[in-house]
Amino acid sequence: MFLERVNIVSEYDRVVRSPNFEMRLPSVIALKEFIPQARRPAFTRFNVFLRDRFSCQYCSEEYGAPDLTFDHLIPRSRGGRTCWENVVTACQTCNLLKGHHLPHEVRMYPQQRPFQPTTFELQENGRGFPPNYLHESWRDFLYWDTELEQS
């Protein structure tokens, strides 16, 4: 916004302040220039949770993001890397149970083999969010489950 690369379309009710400035927090923005999607999504905690549909890959329970962590199948202490193919979503209980062990040592195997998702796969998983995950101001701009009219 400050670099004038976006237009603010909608705002939250929340106000953010600094000593010299006050503004409502933007909820929906529109880019002024098209930026092509990355072929590979960024490896972030949120994207790992999204890939795994916010469910623990060991006990299969669904959780909110604050109650999740990620687990290295091959622990870092044993040379495991922090990458798409070695990290899965886990609840805190299962993560503590597995600890620094390999899956076969504690008979804890993930529900699916970890993989690097495509941007499309993450977007598809995003459609599974319950409505209360989305702020009301977004509803006019997201048409995930709406059938479009053919002309």
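Biologist: Let's start with one residue. Where does phenylalanine 21 lie?

Modeller: Phenylalanine 21 sits in the loop between β1 (6-17) and β2 (22-31). Keep in mind that this is a predicted model.

Biologist: Is phenylalanine 21 buried, exposed or partly exposed?

Modeller: Phenylalanine 21 counts as partly exposed because its relative accessibility is 37%. It also helps make a nonpolar surface patch of about 480 Å², together with Met1, Phe2, Ile8 and Ile29.

Biologist: Okay, zooming out. How many helices and strands does the protein chain have?

Modeller: You'll find 4 helices and 4 strands. Going along the sequence, the pattern reads β-β-α-β-β-α-α-α. Of the 151 residues, 32% are buried. The accessible surface adds up to about 11400 Å², with 51% of that belonging to carbon and sulfur atoms.

Biologist: And how do I read contacts against the sequence?

Modeller: Take the contacts between residues at least 6 apart in sequence: 56% of them join residues at least 24 apart.

Biologist: Now strands. Which residues of β3 are buried on one side, and which on the other?

Modeller: Look at each face in turn. Leu68, Phe70 and His72 are buried on one side, Thr69 and Asp71 on the other, and both faces are covered. That makes 5 of 5 residues of β3 buried. As for its partner, β3 runs antiparallel to strand β4 (residues 87-91), with 5 bridges joining the two. Threonine 69 is a handy spot to check, as it stands opposite alanine 90 in β4.

Biologist: How about helices? Which residues of α4 are buried?

Modeller: The general idea is that an α-helix has 3.6 residues a turn, so residues three or four places apart point the same way. Here, the buried residues of helix α4 (residues 119-126) are Thr119, Leu122, Asn125 and Gly126. They cover an arc of only 125° around the axis, which means they are on the same side of α4. Those buried residues pack against α1.

Biologist: On to charges. How many salt bridges does a search of the whole structure find?

Modeller: The idea is that side chains of opposite charge can pair when their charged atoms come close. The search turns up 6 salt bridges. Arginine 17 and glutamate 22 form one, with the closest N and O atoms 3.1 Å apart, and both residues are exposed.

Biologist: What about aspartate 71 and lysine 98: buried or exposed?

Modeller: Both are buried. Their closest N and O atoms are 3.2 Å apart in the salt bridge they form. Aspartate 71 is in strand β3 and lysine 98 in helix α2 (residues 92-98), so this pair ties together parts 27 residues apart in sequence.

Biologist: And which residue forms a salt bridge with arginine 78?

Modeller: Glutamate 105 does, the closest N and O atoms being 2.8 Å apart. Arginine 78 lies in the loop between β3 and β4, while glutamate 105 lies in helix α3 (residues 103-106), so the pair links parts that are 27 residues apart in sequence. Arginine 78 is partly exposed, with a relative accessible area of 38%, and glutamate 105 counts as partly exposed at 38% relative accessibility. Elsewhere, Glu11, Asp13 and Arg24 are joined into one network by salt bridges that share partners.

Biologist: Last one: backbone angles. Which way does phi go at glutamate 4?

Modeller: Phi of glutamate 4 is near 60°, a positive value in a residue other than glycine. Glutamate 4 lies in the segment before β1 and counts as exposed at 60% relative accessibility. Phenylalanine 54 also isn't a glycine, and its phi is positive at about 55°. This residue lies in the loop between α1 (45-51) and β3 (68-72), and counts as buried because its relative accessibility is 7%.

How values were computed:
Residues numbered from 1 in each chain as written. Predicted model: local features only at pLDDT ≥ 70, side-chain atom pairs only at ≥ 80, totals over all residues. Heavy atoms only, no water. Patch = residues over 30% accessible without salt bridge, like charges linked within 9 Å, V, L, I, M, F, W, Y side chains within 5 Å. Areas by Shrake-Rupley, 256 points an atom, 1.4 Å probe, with all protein chains shown as cover. Salt bridge = Lys/Arg side-chain N within 4 Å of Asp/Glu carboxyl O. Buried < 20%, exposed > 50% of the residue type's maximum accessible area, 1.4 Å probe, protein only. Contact = heavy atoms within 4.5 Å. Arc of directions from axis to C-beta. Pairing = 2+ DSSP bridges.
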